[in-house]
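User: Hi! Could you walk me through the notable features of this model, one question at a time?

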Amino acid sequence: FASIDKLSSRLGVSAQTIRRDIMYLEELEKVVRHHGGAGIRSSIVNVNYQDRHTLRAEAKSLLADQIASAIPAKCSLFIGGGTTMEAVAKSLIKYNDHKIITNSLHVAGILNGNESFEVIITAGTIRKTNGIIFGPDTVASVNKFRCDFAIIGCGGIESDGVFLDFHSQDVATYRMMISNSRQAFVGADKSKIPGKANVLVATAEEIDALYTDILPPTSLMEVLSAKGV
């Protein structure tokens, strides 16, 4: 943590400039703003769920539209949880006749607005902060299905093509989704490259497509290309 006063003194600029810079860096998800200052984002704790709804919202919506348009009619889908996946759900409701299995109450609620969808919610324990369902029963629920696509988000993508997230319980579910699908898509805005997270979700070999809002760095692009992503 660094206070506004300390940053202002060290950098030789006004406190108002520091406040604007902190707001800008928070939009990029590089820092977390606190009362009177800011701190570095944690690799083990994600940004507050409500705050993530407003961060990079336009980028999430654009990549969600691309994902939704890539899904053929009348498919079966696993969809994970999180604000990016909620954006995907909002884009998907423009289409018809999908069967969707999700571990997110929020995603299910959005998809329920399309009467042509069959929406299945996994068993498990609900995390009250973000509506994501997790636990051994969740993994077992996913393992009952084989779907055309798995669509998940992530907390970070390393330059070696490793996809990371924050909660090991969620990752267990997403790994089962990937294993039980014919194709796996990841949706991640530019703040996730490299991002901050520390639990392995997948390697590039396990992912078919990455949807994002920037051209990834050369080192990552080389790995993704080599692995056929």
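Analyst: Happy to! Helices (H or I, at least four residues) and strands (E, at least two) are DSSP runs, numbered from the N terminus. This is a predicted model, where local features need pLDDT of at least 70 and side-chain atom pairs count only at pLDDT 80 or more, while totals for chains, interfaces and linings use all residues. Residues are numbered from 1 along each chain as its sequence is written, and side-chain values use heavy atoms, with hydrogens and water left out.

User: Which element gives the largest share of the largest nonpolar core?

Analyst: A nonpolar core is a set of buried (under 20% relative accessible area, 1.4 Å probe, protein chains only) Ala, Val, Leu, Ile, Met, Phe, Trp, Tyr and Cys residues joined through side-chain atoms within 4.5 Å. The largest one has 26 residues, and Ile 157, Phe 163, Val 186 and Val 201 have the most contacts inside it. Elements giving two or more residues include strand S9 (147-152) and helix H8 (168-179). The largest share, four residues, comes from H8.

User: Where is Asp 97, the non-glycine residue with a positive phi?

Analyst: Phi of Asp 97 is near 65 degrees. Asp 97 is partly exposed (between 20% and 50%), with a relative accessible area of 37%. Its place is in the loop between helix H5 (83-92) and strand S5 (99-102).

User: And what is the omega of the cis peptide bond from Ile 193 to Pro 194?

Analyst: Pro 194 lies in the loop between S12 and S13. The bond that leads to Pro 194 from Ile 193 is cis, with omega near 5 degrees.
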